[in-house]
Amino acid sequence: MKLAVIAHDGKKAEMVSFLMKNLTTLHSANIQIIATGTTGQHAQNAGLQVEKVLSGPKGGDAQIAAQIVEGKVQGVFFFRDPLDKHPHEPDILMLMRICDVHNIPIATNPATAELVLKGLAEKSE
């Protein structure tokens with residue numbers, strides 16, 4: 001099972017913290033992580049194993065969306081910063097649309113991510 005993780009700049013530390021807090025669940029459910037470039041680098045710096053694609057503004061959101069369409073990604077955690085402007089907003093909306101089209105759960109905050117992770121872990125059993 002593969003989980004995509006993406007975080008806006010103001011949410012990257014929160015994403016890494018969430019992943020570290022839930023490391024046991026991720027490992028026990030055999031969940032692989034794919035991440036956009038900078039988020040992936042932060043996760044790697046924390047000792048996590050992640051597959052990295054390009055950063056979001058350089059096409060990473062589209063690369064993850066392509067993997068969703070191919071059936072390779074079963075969930076997306078996209079910790080968005082609602083208080084900041086994002087020049088690649090069309091890419092973000094495209095990714096969210098692809099998740100909706102392909103019935104892929106997408107969590108935009110830690111509270112929802114925790115519930116989705118529990119569901120993915122149960123599904124992997």
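This report describes the fold, the surface and two loop residues of a predicted model of a single chain.

## Overall fold

The secondary structure of the chain comprises six helices and five strands, and, read from the N terminus, these elements follow one another in the order β-α-α-β-α-β-α-β-α-β-α. The radius of gyration of the chain is 13 Å, close to the 14 Å that the globule rule gives for 125 residues, so the chain is as compact as a globular protein of that length. Measured out along the principal axes, a wording used here for a computed extent, the C-alpha trace spans about 40 × 30 × 25 Å.

Over residues 1-125, helix makes up 50% of the chain and strand 15%, while the C-alpha atoms at the two ends lie 11 Å apart. The UniProt record, in an unreviewed entry, lists residues 1-125 under "domain: MGS-like".

## Contacts and burial

Among the contacts that join residues at least 6 apart in sequence, 72% are between residues at least 24 apart. As for burial, 44% of the 125 residues of the chain count as buried.

## Surface and charge

The chain exposes about 6,600 Å², and 51% of that area is supplied by carbon and sulfur atoms. Its charged side chains number 12 positive and 13 negative, and the centre of the positive set lies 2 Å from the centre of the negative set.

## Two asparagines with positive phi

Two loop residues deserve a separate description, and each is taken in turn with its backbone angle, its place in the chain and its accessibility. N30 has a positive phi of about 55 degrees, although N30 is not a glycine. This residue is found in the loop that runs between α2 (23-28) and β2 (32-35). With a relative accessibility of 55%, N30 counts as exposed, because the cut-off for that class is over 50%.

N103 likewise has a positive phi of about 55 degrees without being a glycine, and its place is in the loop between α5 (89-101) and β5 (106-107). The relative accessibility of N103 is 69%, and since exposed means over 50%, N103 also counts as exposed.

Methods. Residues numbered from 1 in each chain as written. Predicted model: local features only at pLDDT ≥ 70, side-chain atom pairs only at ≥ 80, totals over all residues. Heavy atoms only, no water. Helix = DSSP H or I, 4+ residues; strand = E, 2+ residues; numbered from the N terminus. Rg over C-alpha atoms; globule rule 2.2 N^0.38 Å. Buried < 20%, exposed > 50% of the residue type's maximum accessible area, 1.4 Å probe, protein only. Contact = heavy atoms within 4.5 Å. Areas by Shrake-Rupley, 256 points an atom, 1.4 Å probe, with all protein chains shown as cover. Lys, Arg positive; Asp, Glu negative; His and termini not counted. Charge placed at Lys NZ, Arg CZ, Asp CG, Glu CD. UniProt positions renumbered as here; feature names shortened; annotations may be inferred.
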